[in-house]
Amino acid sequence: MEKVPKISSLVGTVVQILVEVASQNHSRELFPDPELGSFQVYVSELMDWIFDKEECYVLALYYMMQLESSPNTPAITFSTLHRMFFVCLSIAVKFHEDGRTKNIELSKIGHLRLEELNQLEVRALIDLKFNCYVSQSQYDDFVQLLSFVSRDLDETLFPKDQGIRVTLRALFNRAEIQRNKLLKKKPRPSMNPFSFKGKIKGFVSAVVSRTSSNLLSITSLDDRKNSLPKRKKLIIK
């Protein structure tokens, strides 16, 4: 049995999503190309050799989702997954980690020809419109959606029509809808009367009610004058 090196849970989630999407699209092709080996082993080797930052793997998945809007991007299958992911991973490493590794070295690591890697990288950058920047808030939001996608990753998420290819964009759009519904249904914390805030709130309400009752019982100054017994005037002779 082939020994698979350990990978982090976040990278494992990325691998799980891509393998499931590739599996669905691969089964929908009439004449699928041969698979290029275990994708999990491929990613594990990349982490051991050169790319050890898990953030770059998340960004590679994000770039792959952005590239789906381009007509030049093929469907994610087991015959295209390795190349597409490695190209996006190399872009993420170069842009966010200021990597100085040359493509001639990367091509050997990714098991790609140098000419092929150069062409795929240029095409990906053009389709991304050379916009590789991802803010911290965008990254955190994408990582949060990863958990929703992986948690609900089953056959019910995928279209039943075999003619429709599965996309990352569709999965993350559905995950965003589910997350928004969950946030709306989240109950507000009730006030505990025995807590410190509850005691303060109870004390303030008691003071307000007592003050209001006292104000209602106080009559006007004119009424108080009229209610006092009238004194007789003293006549001095």
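Which residues does Ser-107 touch, not counting residues up to four places away in sequence? In this predicted model, Ser-107 touches Leu-112, Arg-113, Leu-114 and Leu-117. Ser-107 has its place in helix α5 and is buried, with a relative accessible area of 6%.

## The chain as a whole

The chain contains 10 helices and 0 strands. Along the sequence the pattern reads α-α-α-α-α-α-α-α-α-α. Of the 237 residues in the chain, 36% are buried. Among contacts with a separation of 6 or more, 78% are between residues 24 or more positions apart.

## The nonpolar core

In soluble globular proteins, nonpolar side chains tend to be buried together. The largest nonpolar core here has 58 residues, and the members that touch the most others are Leu-18, Tyr-63, Phe-85 and Leu-168. Two or more residues of this core come from each of α1 (9–28), α2 (39–49), α3 (54–67), α4 (81–96), α5 (103–109), α6 (114–127), α7 (136–151) and α8 (168–185). The largest share is that of α3, with 11 residues.

Tyr-63 is one of the four core members named above. With residues up to four places away in sequence not counted, Tyr-63 touches Cys-88, Ile-91, Ala-92, Phe-95, His-96, Leu-128, Cys-132 and Val-134.

## Helices α6 and α7

Helix α6 has 14 residues, which at 1.5 Å a residue should span 20 Å; the C-alpha atoms at its ends are 20 Å apart, so the two values agree. Its buried residues are Glu-116, Leu-117, Glu-121, Ala-124 and Leu-125. Seen down the axis of α6, these buried residues fall within an arc of 155 degrees, so they line one face of the helix. They pack against α3, α4 and α5. Leu-117, one of the buried residues of α6, is also among the residues that Ser-107 touches.

Two packed helices are described by the angle between their axes and the distance between the axes. For α4 and α6, the angle is about 70 degrees and the axes are 10 Å apart. Angles of 65 to 115 degrees count as roughly perpendicular, so α4 is roughly perpendicular to α6. On the α4 side of this packing are Arg-83, Phe-86, Val-87, Ser-90, Ile-91 and Lys-94; they meet Glu-116, Leu-117, Leu-120, Glu-121, Ala-124 and Leu-125 in α6. Ile-91 thus appears in this packing and also among the residues that Tyr-63 touches.

Helix α7, with 16 residues, reaches 23 Å from its first C-alpha to its last, close to the 22 Å expected at 1.5 Å a residue. The buried residues in α7 are Tyr-139, Phe-142, Leu-145, Leu-146, Phe-148, Val-149 and Ser-150.

## Residues in the loops

The table lists four loop residues with their places and relative accessible areas.

| Residue | Loop | Relative accessible area | State |
|---|---|---|---|
| Ile-76 | between α3 and α4 | 2% | buried |
| Lys-129 | between α6 and α7 | 70% | exposed |
| Phe-130 | between α6 and α7 | 58% | exposed |
| Thr-167 | between α7 and α8 | 18% | buried |

Ile-76 counts as buried because its relative accessible area of 2% is under 20%. Leaving aside neighbours within four places in sequence, Ile-76 is in contact with Leu-18, Val-21, Ala-22, Asn-25, Met-64, Glu-68, Leu-81, Met-84 and Leu-168. Leu-18 and Leu-168, both in that list, are also among the core members that touch the most others.

Two distances place Ile-76 relative to other parts of the chain. The C-alpha atoms of Ile-76 and Val-19 are separated by 9.1 Å, although the two residues are 57 residues apart along the chain. Between Thr-167 and Ile-76 the C-alpha distance is 7.7 Å, with their positions 91 residues apart in sequence counted as the separation.

What is the sign of phi at Lys-129? Phi of Lys-129 is positive, near 60 degrees, in a residue other than glycine. Lys-129 comes just after α6. Phi of Phe-130 is near 55 degrees, again a positive value in a residue other than glycine. Both residues lie in the loop between α6 and α7, and both are exposed, Lys-129 at 70% and Phe-130 at 58% relative accessibility.

Key:
Residues numbered from 1 in each chain as written. Predicted model: local features only at pLDDT ≥ 70, side-chain atom pairs only at ≥ 80, totals over all residues. Heavy atoms only, no water. Core = buried A, V, L, I, M, F, W, Y, C linked by side-chain atoms within 4.5 Å. Buried < 20%, exposed > 50% of the residue type's maximum accessible area, 1.4 Å probe, protein only. Helix = DSSP H or I, 4+ residues; strand = E, 2+ residues; numbered from the N terminus. Contact = heavy atoms within 4.5 Å. Expected span 1.5 Å × (residues − 1). Arc of directions from axis to C-beta. Axes fitted to C-alpha atoms, helices over the stretch in contact; angles between N-to-C directions. Parallel < 35°, antiparallel > 145°, perpendicular 65-115°, else oblique.
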